[in-house]
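Here is a friendly walk through one structure, from a sheet to charged pairs and aromatic rings. Keep the viewer open as you read.

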Amino acid sequence: MKLLIYLIKIIQKLGCKAEYFCVSIGQLLKISLVSLSEALTPPFYAEPFLKQLIFVGFNSLPVVGVTALFTGAALALQIFSGGSRFNAETVVPSIVAIGMTRELGPVLCGLIVAGRLSSSIAAEIGSMKVTEQLDALKSLSVSPIRYLVTPRLASSVICLPILTLISDIIGILGGLVIGITSLQFSLLVYTEYTIKFLEMSDIYSGLIKSVAFGIIISLSGCYFGFTSKGGAAGVGKSTTSAVITASMLILASNYLLTAFMFQK
Amino acid sequence: MSGNGKGKLSIDRIKLSLDNQLILNDISFDLNTNDNTDSITIIGRSGAGKSALLKCILGIYYPFSGSIKFNNQPILKRNKEIFFNKLGMVFQNSALFDSLSVWENVGFKYLYGPNKMPKKNIKKLAEEKLERVGLSIRSANQFPIELSGGMQKRAAIARAIMTEPKILFFDEPTAGLDPITARKINYLIKDLISDSKASALTITHDINTVNTIADRVFLMNEGKFVWIGCRKNIKTSSNEYIKDFLNTE
């Protein structure tokens, strides 16, 4: 009898978790669809959008740039060290370029921006929710999704590919600097090998991924902001959840997109 | 009250449930919004359902039964805009937008709402409203965080009266204020109601607010109205809830 009660409790808990999961997916879908439909229909709020462009794009540049520079440099050292085991040191420029454009550029850029942006969006919208500012928006005939989500979503979708492209270039430059200064490559040879083996599809694939990451980052932040509960502690929890969820979804979607684009 | 429902906000037998708990149980009343202005004050303990009622009227919560009508038309998604254009709301914690300056907060409805105006005109109008509620023009360019609690409340009132609404909602207008500032806010609300010929629905547990601005008083307990009467009758009422409320106050 005790075992039966215990089993029923477990099933109840699983049921609650499943319900919570389905409700969350439903809410996330609703936010995504409403935001998308409102992004395509007037009125458009230029000022919040421009503010977000500066915040997401321009303000993320230093951290994305530094990350890409050191990653490119470290990648060059690692590939040189690994490649020298089978006399393939000359692959350093091409592998750095392909690695940065296909994988490290978009993924690291996505993860860095997720840490910065998802948390900031969740904290801002979450604190607006607990201080009734979202209700105030409704009472002023302004849709919270149109005013808060759409500018963030649009700016992330625009900025992430640009940041990724910059990250690719800086990462390749980081490899180039190390290649010339520590690995006995000449500028001409390193550049020639980079250009020779790098294809446009490598760059495009990274940029396509970054668009998906932009959507994940902004929607994750907005979703956890809108579902914040219980004052400052609730906002703190939402912030953490937003970053963790965005990071995990970025890594999972990166695998799926890679498999979709490159698996033959 | 007009018999055809014109010029009034009618709440008819609404019931609201949140997290499987009955919050509002059979709530009905009318607020006149025609030339004979009306000021209703809803009092009651914390958790009695007062703010939930306001949120139902604003369309933030959806009652599972009953209706809310404005000028005899149910307030639905498609005509919510018409109703929202006629109301001004002051939230409990002022709910000013932190990232915007005070004048942008006051002029928000014209900056981002359906009825847009040139920015220069909005700022001028916002400054006029700020002066009307006793704030200096200097405060217009400040951010809400730079203002005191009383000043924030005044800015929130200025935002509510910006579009010269026919109905004003106040949720705990004196909460968190010292007695002197609270008294000033009460008199400011009283003046605004009579000057703008707007009707008001005020949620409060401050008896001074009731004495200053109310025409009619509704006492709410556990989601129900347990006493309805005129302000002048409140002190002489033998209702145990009223006595209890006044004694606690």
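In chain B, strands in the order S2-S1-S4-S5 make up an open sheet of 4 strands with antiparallel pairing. Strand S2 (21-32) and strand S5 (73-74) of chain B are at its edges and have a single partner strand each, so one side of each is left without a neighbour in the sheet. Please keep in mind that this is a predicted model.

At one end of that order, strand S4 (residues 65-70) of chain B and S5(B) run antiparallel and are joined by 2 bridges. Across this pairing, B:Phe70 stands opposite B:Gln73 in S5(B).

Another strand of chain B, S8 (residues 199-204), contains B:Ile203. Is B:Ile203 buried or exposed? With a relative accessible area of 0%, B:Ile203 is buried. Between B:Ile203 and B:Thr33 there are 17 Å in space, C-alpha to C-alpha, and the two are 170 residues apart in sequence.

**Salt bridges**

Over all chains, the structure holds 13 salt bridges. Three of them are set out here, with the distance between the closest N and O atoms.

| Acidic residue | Basic residue | Closest N and O atoms |
|---|---|---|
| A:Glu124 | A:Arg152 | 2.9 Å |
| A:Glu132 | B:Lys55 | 3.4 Å |
| B:Asp26 | B:Arg13 | 3.3 Å |

A:Glu124 forms its salt bridge with A:Arg152. This pair links distant parts of the chain, with A:Glu124 in helix H4 (residues 92-130) of chain A and A:Arg152 in helix H6 (residues 144-181) of chain A, 28 residues apart. A:Glu124 counts as partly exposed at 28% relative accessibility, whereas A:Arg152 counts as buried at 4%.

The salt bridge of A:Glu132 with B:Lys55 crosses between chains: A:Glu132 lies in the loop between H4 and helix H5 (133-139) of chain A, and B:Lys55 in helix H1 (residues 50-57) of chain B. A:Glu132 is buried, at a relative accessible area of 9%, and B:Lys55 also counts as buried, at 14% relative accessibility.

B:Asp26 and B:Arg13 form a salt bridge that takes us back to the sheet: B:Asp26 is in strand S2 of chain B and B:Arg13 in strand S1 (residues 8-18) of chain B, 13 residues apart. B:Asp26 counts as partly exposed, at 34% relative accessibility. Salt bridges with shared partners also join A:Glu132, A:Asp135 and B:Lys55 into one network.

**Aromatic rings**

How many aromatic pairs are there over all chains? The count comes to 14. One of them, B:Phe97 with B:Phe108, is tilted, at 4.7 Å centre to centre and 45 degrees between the planes. B:Phe97 lies in the loop between strand S6 (87-90) and helix H3 (102-106) of chain B, and B:Phe108 in helix H4 (residues 108-112) of chain B, so the pair ties together parts that are 11 residues apart in sequence. B:Phe97 and B:Phe108 are both buried. For B:Phe218 and B:Phe225, the ring centres are 4.9 Å apart and the planes at 65 degrees, so this pair is edge-to-face. B:Phe218 and B:Phe225 are buried too.

B:Phe97 and B:Phe108 also belong to one aromatic cluster with A:Tyr45, A:Tyr147 and B:Tyr112. Over the ring of B:Phe97 sits the charged end of B:Arg159, 5.0 Å from its centre. In chain A, the charged end of A:Arg116 sits over the ring of A:Phe55, 4.5 Å from its centre.

Note on methods:
Residues are numbered from 1 along each chain as its sequence is written. Chains are lettered from A and ligands numbered from 1 in the order in which they are written. This is a predicted model: local features need pLDDT of at least 70, side-chain atom pairs count only at pLDDT 80 or more; totals for chains, interfaces and linings use all residues. Side-chain values use heavy atoms; hydrogens and water are left out. Rings of Phe, Tyr and Trp (its six-membered ring) pair if their centres lie within 6.5 Å; planes under 30 degrees apart count as stacked, over 60 as edge-to-face and the rest as tilted. Buried means under 20% relative accessible area, exposed over 50%, partly exposed in between (1.4 Å probe, protein chains only). A charge sits over a ring if NZ of Lys or CZ of Arg is within 6 Å of the ring centre and within 35 degrees of the ring normal. Two strands pair if DSSP finds at least two bridges between them. A salt bridge is a side-chain nitrogen of Lys or Arg within 4 Å of a carboxyl oxygen of Asp or Glu.
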